Amino acid sequence: MINQERIKNLLLELVQIDSISREERDVAQHIKRLCEEMGAEVFIDDAGERVGGNTGNVIARFPGTIASAEPIMMSAHMDTVVPGKGVKPIVEGDIIRTDGSTVLGGDDKSGVSVIIETIRCLQEQNIPHAPIDAVFSICEEVGLLGAKHLDLSKVRARYGIVFDSDDPGFLFTRGPSANHFEFRIYGLESHAGVAPDKGISAIKIAAEAINNMKLFRVDEETTANIGVIRGGEATNIITNFVMLKGEARSLDDAKLEAQTAHMIKCIEDAAAKYEVTVDGVTTRARVESDVSREYHAMDVSDDSRVVRLVKEAATRMGLKVETMASGGGCDANIFNKRGIECANLGTGMRAIHTVKEWLDVKDMRAAAEITLEIMRLNGEAALK
């Protein structure tokens, strides 16, 4: 039912178009042309202008063959993480991998490929189906910004599927809330060789604070990380400023708030230990903390329309799709919060966000096959 060679070639075509976050224009225009050739009404919204990017989200509205059917959404993001420029995919049979110098971009161009191939097959095989809103978002990798700024006035559907995870045998229905941190630590500069006792090292404060933090896998529902450290100008200067950026995530909002408070306290306690008096003037180390909610938790019931639809389609095919919780956020977190009920179905991407990224085309085909069956089943239900 799915043309495996075609979906493979589409993926290879897409991954070789550079599209790191905020620079997705070329791939957006390519996807726009493909969708228009397939008969869609295509819009590009103003999300790019609002987040400092060079294009907006692509919204392709495909007409259905069933006039009375409620539209359904399919969505994937166009952007990739760095290093993501100049991708040279290596093809070994059904396995496609990076050459080791960049990511592959299967996250999430495999999702884009699944959506386009599914719609092509619906049209070629004359399968009755509902209208489809295909949403190809920008800036997912830098805070789900495209989804946050998606022009919902152009989206008719109020339920659907996001394609942005690994194994097509899993449907992710729960995802964490996430907080983003920026800590600015202020010490006092001095000469590291001549007057080290007259300075306060912001680097030392940062090190002590991080050492006291519970990080990485905090518990089965909670993770935390410090991912960026910036500070220091020279080895002979006691550093007076360090900036830290980090995050915490949890499926439980109470745990997230507790982890957030813990990390802030570690920074403040470390800074409180340091002060120095020079020429009668006392300087105390200090910290500025900014915490923002990056996205809210997703929790889609197994009894929801989209989950029942996916599971019934899988059963028809003699397959099993399990609902699971994810430790990562995706556009589905935002869409659910904004009134579009959706879950996240895998497409086969592996070792994402690394230069060892790869995927098996058979997994991508399987994701497209189950999606085609979902659309067929949805159409049959509308005709009853």
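The exercises below, each with a worked solution, concern strands, a sheet and pockets in a predicted model.

**Exercise 1.** Determine whether strand β6 is enclosed or left open by the rest of the structure.

Solution.
Step 1. Take the cut-off: a residue is buried if its relative accessible area is under 20%.
Step 2. Apply it to β6, residues 132–137: six of the six residues are buried, so the strand is largely enclosed by the rest of the structure.
Step 3. Separate the faces. In a regular strand the side chains alternate between the two faces of the sheet. In β6, I132, A134 and F136 lie on one side and D133, V135 and S137 on the other, and both faces are covered.

**Exercise 2.** Find how strands β2 and β3 are joined to β6, and in which sense each runs.

Solution.
Step 1. β2, residues 58–62, runs antiparallel to β6 and is joined to it by five bridges. In this pair I59 is opposite V135.
Step 2. β3, residues 72–77, runs parallel to β6, with six bridges between them. Here A76 is opposite F136.

**Exercise 3.** Work out which strands stand at the edges of the open sheet that contains β4, β5, β22 and β21, and which helix packs on this sheet.

Solution.
Step 1. Write the order of the four strands: β4-β5-β22-β21, paired antiparallel.
Step 2. Read off the ends. β4 (90–92) and β21 (349–350) each have a single partner strand, so one side of each has no neighbour in the sheet.
Step 3. Examine the pair at one end: three bridges link β4 to β5 (residues 95–97) in the antiparallel sense, and E92 is opposite I95.
Step 4. Add the helix. α10 (residues 361–383) packs on the sheet and touches β5, β21 and β22 (358–360), its direction making about 60 degrees with that of β22.

**Exercise 4.** Describe the volume and lining of the largest pocket and of the second largest pocket.

Solution.
Step 1. The largest pocket holds about 1100 Å³ of space. Its lining has 40 residues, and E140, E141, E247, R249 and H353 lie nearest the centre.
Step 2. Among the elements that give two or more residues to this lining are α5 (145–148), β14 (241–250) and the edge strand β21. β12 gives the most, five residues.
Step 3. By class, the lining of the largest pocket has 13 nonpolar, 14 polar and 13 charged residues.
Step 4. The second largest pocket has about 270 Å³ of space. It is lined by 15 residues, with R305, L309, L377, N378 and A381 closest to its centre.
Step 5. α8 (305–316) and α10 each supply at least two residues of this second lining, which divides into seven nonpolar, one polar and seven charged.

Notes:
Residues numbered from 1 in each chain as written. Predicted model: local features only at pLDDT ≥ 70, side-chain atom pairs only at ≥ 80, totals over all residues. Heavy atoms only, no water. Pairing = 2+ DSSP bridges. Contact = heavy atoms within 4.5 Å. Axes fitted to C-alpha atoms, helices over the stretch in contact; angles between N-to-C directions. 1 Å grid on protein atoms, 1.4 Å probe; cavity = no way out; pocket = protein on both sides within 12 Å on 5 of 7 lines; lining within 4 Å. Points joined across faces, edges and corners; volume = space filled by probe spheres on them. Nonpolar A, V, L, I, M, F, W, Y, C, P; charged D, E, K, R; others polar. Buried < 20%, exposed > 50% of the residue type's maximum accessible area, 1.4 Å probe, protein only.
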